[in-house]
Number of protein chains: 2
Amino acid sequence: MAPDETQVLAVNQAFYDAVVTGNIEALDALWVERADVTCIHPGWDALIGRDEVMASFRAIFSGGGAPRIQCVDATARLFGETAIVVCGEVLDGTYLIATNVFVREGAGWRLCHHQAGPVSVRRRTPTPPSDPGMLN
Amino acid sequence: MAPDETQVLAVNQAFYDAVVTGNIEALDALWVERADVTCIHPGWDALIGRDEVMASFRAIFSGGGAPRIQCVDATARLFGETAIVVCGEVLDGTYLIATNVFVREGAGWRLCHHQAGPVSVRRRTPTPPSDPGMLN
């Protein structure tokens, strides 16, 4: 995997680590500084700007506590200085699908947009690469 | 509005025009050529690659016909050669929220990612800028 892709997926995972631990400072540090961020929680309308977005996470953390969310099957596609991550989110046994958009800022990658929504029918899990050892 | 932003919003509208008219050729021409495209319809898992994405639109068009979808409140944010559009979608009286990501390709902007999902509670429509004429 290309180094940029690896870095982007690490920052994507850091986003979910911050959410699952309810670490608002770590979460805040992951978003871009140079532009308004946007965030669409499942079922919510769009939130625009860091103040609204961070307030929503504070409300989520103080409401039911930090969500026990797990990021799965994350893939990153790079378009120059921007990266689009598509990943699944497993939350209380339900499966959601998310878009996370990152842009290069300073030495690393920062989140500028997040959308997650419910999935009615999950696709068949891709067949893992064949393992000759399994055939014998 | 900056010219790039205007162009991006025009291509975003062209996407909805192609969907509402069921014009599969116009729709196909809007997506990037240089990379796999990704698409997340409301309630669907992620579709990856032009073949899957275009097949999904063909299935939607041939199923219930072209959806009578209206794009509302589109805003674009530019990050270099990438643009993120967040917009509402009104479909059969329901309100959805969407992310459309465009990248510059050739002379224009092409779609590389789409996600739309349901909104449970629509936010209050922002108050329009005050018009002194209205106060008298």
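Copies are superposed by least squares on the C-alpha atoms of residues with pLDDT of at least 70 in both. This is a predicted model, in which local features need pLDDT of at least 70, side-chain atom pairs count only at pLDDT 80 or more, and totals for chains, interfaces and linings use all residues. Residues are numbered from 1 along each chain as its sequence is written, chains are lettered from A and ligands numbered from 1 in the order written, and side-chain values use heavy atoms, leaving out hydrogens and water.

**View 1. The two chains and their axis.**
A turn of 180 degrees and a shift of 0.0 Å along the axis lay chain B on chain A, with an RMSD of 0.0 Å. That is the relation of a two-fold axis. The same surface serves both copies: 97% of the contact residues of chain B (contact: heavy atoms within 4.5 Å) recur in chain A. In chain B, Gly117(B) comes closest to the rotation axis, its C-alpha at 2.8 Å.

**View 2. Surroundings of Thr38(A).**
Thr38(A) sits in strand 1 of chain A, residues 38-40 (strands are DSSP runs of E, at least two residues, numbered from the N terminus). Thr38(A) counts as buried because its relative accessibility is 4% (buried: under 20% relative accessible area, 1.4 Å probe, protein chains only). Its side chain makes a polar contact of 2.7 Å with that of His113(A) (a pair of N or O atoms within 3.5 Å, one able to donate a hydrogen and the other to accept it). Not counting residues up to four places away in sequence, Thr38(A) touches residues including Trp31(A), Arg77(B) and Val86(B).

**View 3. Surroundings of Leu27(B).**
Leu27(B) touches Phe15(B), Ala18(B), Val19(B), Met54(B), Phe57(B) and Phe61(B), not counting residues up to four places away in sequence.

Key: Helices (H or I, at least four residues) and strands (E, at least two) are DSSP runs, numbered from the N terminus. Buried means under 20% relative accessible area, exposed over 50%, partly exposed in between (1.4 Å probe, protein chains only).
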